[in-house]
Amino acid sequence: MKKKNVLRKGLNIVIVGCGKVGETLTEQLTREGHDITLIDKDATKIHDLTNLYDVMGIVGTGASYSVQMEAGIEDADLLIAVTDSDELNLLCCTVAKRVGDCAAIARVRNPDYSEEIPYLREKLGLAMIINPEQAAANESARLLYLPTALEVHAFAHGQAEMVKFLLPEENPLVGMTVAETGKTGLSSEVLFCGIERDGNMVIPDGSFQFEAGDKIAFVASQKDAKTFLRRIGLQTNQVKDAMIIGGGKAAYYLAKRLLSVGIQVKIIERNRQRCEELTVLLPGAIVINGDGTDTDLLKEEGLEHIQSFVPLTGIDEENVLLTLHARKVSNAKVVTKINRLNFKTVIQELDLGSVLYPKYITAEAIIAYVRARMASLNSNVETVSHLFESRAEAVEFLVKEESPVTGKPLMDLHLKSDLLVSYIFRDGKIIMPSGTDCILVGDTVLIVTAHTGLRDLEDILA
C-alpha cells in the first residue's frame with residue numbers, strides 16, 4: 001500500500017550510483033530533510049555513505065527488479081540514476097517507472113544520445129535527463145563569451161545573468177559604497193548580490209564599501225551586464241580563439257559551442273584514434289595529436305598568444321598544473337574543470353581563474369527539480385545555483401498563485417536577513433526591484449540568500 005504524502009516533510013528518494021554525484025546529492029538532499037535509499041554494487045561505498053549520512057543502503061544492481069523492490073520503489077517519489085553507464089541509468093529509470101509510481105531522472109553523458117534526449121525523455125516518461133559534460137561545456141562557453149567573469153550563471157531562460165568578477169586595483173568602484181555606485185549612475189541597471197572578501201561572503205547593503213581584491217557577484221540583463229562591465233573598464237568582448245587540452249566528451253561539447261559562434265578552436269589530444277574521430281565530428285576545429293602536458297608542444301602551438309585556455313583532461317592534477325602554467329606564460333582566459341571535490345579549500349587558494357565542478361552542476365539541476373516537487377501551489381522552483389563555494393544560493397521561483405508575498409511593495413515585506421530579491425522577470429523584461437516594486441502572479445523571481453534549502457517563495461519571509 002502506498003504511503004500518503006500529506007504529512008511527510010520530505011520525499012522518498014532512491015539514488016542509484018554512489019560516485020561523486022551520488023554522494024553530493026545524498027549530502028544535499030539529506031540536509032533538506034528527504035528520506036534517501038542508496039543502491040550500488042560496491043559494498044564499500046554503501047558502507048561509507050550509510051555511516052556518514054542518515055540513509056539506507058542496498059548492495060546490488062540498480063536495474064534489478066528485486067533490488068528496487070527491496071529499496072522500496074513502490075513507495076518512492078523519485079528515482080535518480082547516476083551510475084557511470086548511460087544505458088544502466090536509462091534501464092534503472094525504465095524499471096522504476098514500470099514498478100512504482102515515481103518520477104525518474106537519468107544521467108546520460110554519451111554524445112551519441114545528446115541529440116535524442118528530448119525523444120528519450122518523452123518516450124521513457126522521464127522527469128529529466130541530465131548531461132554533466134554538456135552542462136559544464138555550456139558554463140565554460142558562457143565564461144569565454146565574457147572573459148572578465150569568474151562565473152556566469154544564466155537565469156530567466158537566458159534573459160538575465162549573474163556575473164562574478166574580481167575587482168582590480170585602481171578601479172572606479174574601489175572605495176565607493178553600493179549606494180554611491182547607484183547615485184553616480186555606475187550601477188543603475190545592476191544589483192550587487194554577493195561579495196567575497198578574505199574568505200568571507202556577505203550579501204551587501206547600501207553602506208557596503210568596495211575594496212580591491214573583492215569578488216563581486218551582480219545580477220543584470222545580459223545586455224546591461226556587459227554595459228556595466230565596460231563602464232568600469234573591464235573587457236566584455238568574447239575571446240577569438242581557444243586551446244582545449246584533452247579530447248573527451250566535455251571537449252567535444254565545448255568545441256561545438258565555440259565553433260558555432262565563430263571562435264577558433266584548437267584541441268590537443270594524445271590518442272590518435274580519438275583525434276581522427278574529432279576531425280570528423282568537428283570539421284571546423286584544428287585537432288593536434290600530441291601530449292597536452294608537453295610545455296614545448298604548448299609553446300609551439302601558440303599558448304603564449306592564445307586568448308583562452310581550457311584543460312579538460314580526465315585528471316584534476318593535470319588540469320591544475322596546466323592552468324598554473326598557462327597563467328604564468330600567457331594572458332589567456334583560463335577555465336579549470338575539477339572533478340573531485342576533496343581539495344576545494346586548497347584549490348580556492350590557487351590562482352586558477354574560473355573553476356568548474358561538473359558534479360555540482362549536475363546536482364544543482366536535480367536539486368532544483370526536487371525542490372519544485374516540494375513547493376506549494378503558490379510557487380515553484382525553476383533553478384538552483386550554489387554560489388561562493390556553496391555558502392549562498394540563487395533560487396529562481398515561478399509565482400503561480402497569490403500568496404503573502406504577492407501584491408505588496410517589497411519594503412513592506414518582513415524578509416529574512418542575508419536575503420535579496422535580485423530581479424523580477426515580467427512580460428519578457430528584467431526588473432531590478434526597488435522597495436516600491438511588487439511581486440505579481442506570473443512573475444519569475446530570483447532570490448539570493450545565505451540560507452540554504454528554500455523550497456517556496458514564502459520561505460523568504462522572516
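This passage describes a five-stranded sheet, a helix packed on it, and one buried histidine in a predicted model. Local features rest on pLDDT of at least 70 and side-chain atom pairs on pLDDT 80 or more, whereas totals for chains, interfaces and linings use all residues. Residues are numbered from 1 along each chain as its sequence is written, and side-chain values use heavy atoms, with hydrogens and water left out.

Strands of a sheet pair through backbone hydrogen bonds, either parallel or antiparallel. Here, five strands form an open sheet in the order S7-S8-S11-S9-S10, with antiparallel pairing. Strands (E, at least two residues) and helices (H or I, at least four) are DSSP runs numbered from the N terminus, and two strands pair if DSSP finds at least two bridges between them. Strands S7 (151-155) and S10 (200-202) lie at the edges, each pairing on one side only. Within the sheet, strand S8 (residues 160-166) is joined to the antiparallel strand S11 (residues 215-221) by seven bridges, and Leu 166 stands opposite Lys 215. Helix H9 (residues 222-231) packs on the sheet and touches S8, S9 (191-197) and S11, where contact means heavy atoms within 4.5 Å.

His 153 is located in edge strand S7. This residue is buried (under 20% relative accessible area, with exposed over 50% and partly exposed in between; 1.4 Å probe, protein chains only), because its relative accessible area is 8%. Leaving aside neighbours within four places in sequence, the residues in contact with His 153 include Glu 139, Met 162 and His 386.

Notes. Axes are lines fitted to C-alpha atoms, for helices over the stretch in contact, and angles run from 0 to 180 degrees between N-to-C directions.
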